[in-house]
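Colleague: I have a sequence and a fold on my screen, and I would like to walk through them with you. Could you take my questions one at a time?

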Amino acid sequence: MDEAFYASLIEDANKATNTDTPIHLSVILSRKKRSSSSSLSKSVQVGVAAKVPRKRFNCEDKVQFSLKYFSFLDSERMFSNLDSLLTQLSPLGVVHLGCTESAEIKSANNRTQINKAKEVSKLLKKVSAFINSRYDVNAENGNDQEMILSHVLKTLPKEVQSINNSSSTGSTNCIHHNLDSVMKHLLGDSNDNNNKSNSNTDDGTNGKKTIDNYRAFKNDTRLFDDILAQKAIMLLLQMEDLTCLSNDRTKGTFEILPGEITSYLTMDRTAMECINLLPPSHAGISTTIGGSSETNSLFGVLNRCKTKMGARMLEMWLRQPCVSMETILYRQNAVGSMVEENGLGRDRLRDE
């Protein structure tokens, strides 16, 4: 490969990573109790959908974003699982926040509805303040503690509210028709000749081939049974203006993936700060006496990356330590290949 051309590719990659696209989220809370026990009475079910930028593997790969969804039970007092998820999903942009119950007072004479609306409003304010306090995962590098935008919705849009448990109506298809039509557009229908090439696109994971994205969505039994996750996905698509079926620019540009908070080591903000995982937000104040930006965190000690892309990857791996043995061995084998022959391959790659 021509050296000048290769150098231009690296330069373009560095420019691209300097303006990393932030991850946008939708978070929906459900206060429905799963049990009469006191331990679960203060728990909430949380549904999260994330629009994550995706690396494209070739010029024919149209998929630009991964749509990841999560659903988990969390403590109303600590929100430790949500805290851990925010640590993994970085950098963050706008977070759309809502609840399955309305926070609007609809009738001044209905005391029960007023009390319920006040409780929901208090919960939304608490979660909003919690999200805004996570300036360490802000897309603006945490320099401004007011930059995270948590968009609170007192009442969910009608399109989101209409997604209910379809099994109660006797329907065999548990994906609401509004969500199905939008996802068919974003994922690309297998019957569309323009998207057939996506079914054989290498997804970069151990050489495996992906199947058609829309077909995978239709066969996702986990999503069928998770109404809150469906609501979170629909809310994100509504707020990000992705529901227009006539927009050809978004057609076939998404893939949908189930998210697992148990796939990575659970680590909240407090744990990160205690072990000095990443550089402090205000290094001038928090740096240990005699230290520097290279010694005041684990990231600073390990970061010998030559490109912004590599530094971003290292930070992501530190934020979400993998607990999958298969993935760990895969990474170790890759490192082993780099250091073979007395490290000549690694040194050559760094020089280039």
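What follows is a short conversation about this predicted model.

Colleague: Let's begin with the whole chain: what percentage of its residues count as buried?

Modeller: Happy to start there, and please keep in mind that the model is predicted. The chain has 15 helices and 6 strands. Among contacts between residues at least 6 apart in sequence, 69% join residues at least 24 apart. Of the 352 residues, the share that counts as buried is 39%.

Colleague: Now the sheet: which strands stand at its edges?

Modeller: The 6 strands form an open sheet with mixed pairing, in the order E5-E4-E1-E2-E3-E6. An edge strand has a single partner strand, so one side of it is left without a neighbour in the sheet. The strands that stand at the edges are E5 (149-152) and E6 (254-258).

Colleague: And what is the average twist from one strand to the next?

Modeller: For the open sheet of 6 strands, the twist from one strand to the next averages 20°.
In a sheet ordered E5-E4-E1-E2-E3-E6, that average is 20°.

Colleague: I am curious about strand E2: how many of its 11 residues are buried?

Modeller: E2 covers residues 43-53 and has a paired strand on each side in the order E1-E2-E3. With E1 (residues 23-30), E2 pairs in the antiparallel sense over 7 bridges, and with E3 (residues 65-75) the antiparallel pairing runs over 11 bridges. E2 is mostly covered, and the number of buried residues is 10.

Colleague: Which residue in E3 does Lys51 stand opposite?

Modeller: Lys51 is in E2, where it is the bridge partner of His24. Towards E3, another pair is Val44 opposite Asp74. For Lys51, the residue opposite in E3 is Leu67.

Colleague: Let's turn to the helices: are H6 and H9 parallel, perpendicular or oblique to each other?

Modeller: Helix H6 (residues 177-187) and helix H9 (residues 227-239) pack with their axes 11 Å apart, at an angle of about 60°. Their crossing is left-handed. An angle of 65 to 115 degrees would count as roughly perpendicular and one under 35 degrees as roughly parallel. H6 and H9 are therefore oblique.

Colleague: Which residues in H9 do the H6 residues meet?

Modeller: By class, this contact has 7 nonpolar, 2 polar and no charged residues. From H6 come Asn178, Leu179, Val182, Met183 and Leu186. On the H9 side, the residues they meet are Gln230, Ile233, Met234 and Leu237.

Colleague: At about what angle does H9 run to E1?

Modeller: H6 packs on the sheet too, touching E3 and E6, and its direction makes about 115° with that of E6. H9 lies across E1, E2, E3, E4 (92-99), E5 and E6. The angle of H9 to E1 is about 135°.

Colleague: Is helix H3 largely enclosed or left open, and which of its residues are buried?

Modeller: H3 spans residues 80-88, and 7 of its 9 residues are buried, so H3 is largely enclosed by the rest of the structure. The buried ones are Leu82, Asp83, Ser84, Leu85, Leu86, Thr87 and Gln88.

Colleague: One last residue: is Asn303 buried, exposed or partly exposed?

Modeller: Asn303 sits in the loop between helix H12 (298-302) and helix H13 (308-319). Leaving aside neighbours within four places in sequence, Asn303 is in contact with Ala311 and Leu314. The relative accessible area of Asn303 is 23%, whereas buried would need under 20% and exposed over 50%. Asn303 is therefore partly exposed.

Notes
Residues numbered from 1 in each chain as written. Predicted model: local features only at pLDDT ≥ 70, side-chain atom pairs only at ≥ 80, totals over all residues. Heavy atoms only, no water. Axes fitted to C-alpha atoms, helices over the stretch in contact; angles between N-to-C directions. Helix = DSSP H or I, 4+ residues; strand = E, 2+ residues; numbered from the N terminus. Parallel < 35°, antiparallel > 145°, perpendicular 65-115°, else oblique. Left-handed = near helix turned anticlockwise from the far one by under 90°. Contact = heavy atoms within 4.5 Å. Nonpolar A, V, L, I, M, F, W, Y, C, P; charged D, E, K, R; others polar. Buried < 20%, exposed > 50% of the residue type's maximum accessible area, 1.4 Å probe, protein only. Pairing = 2+ DSSP bridges.
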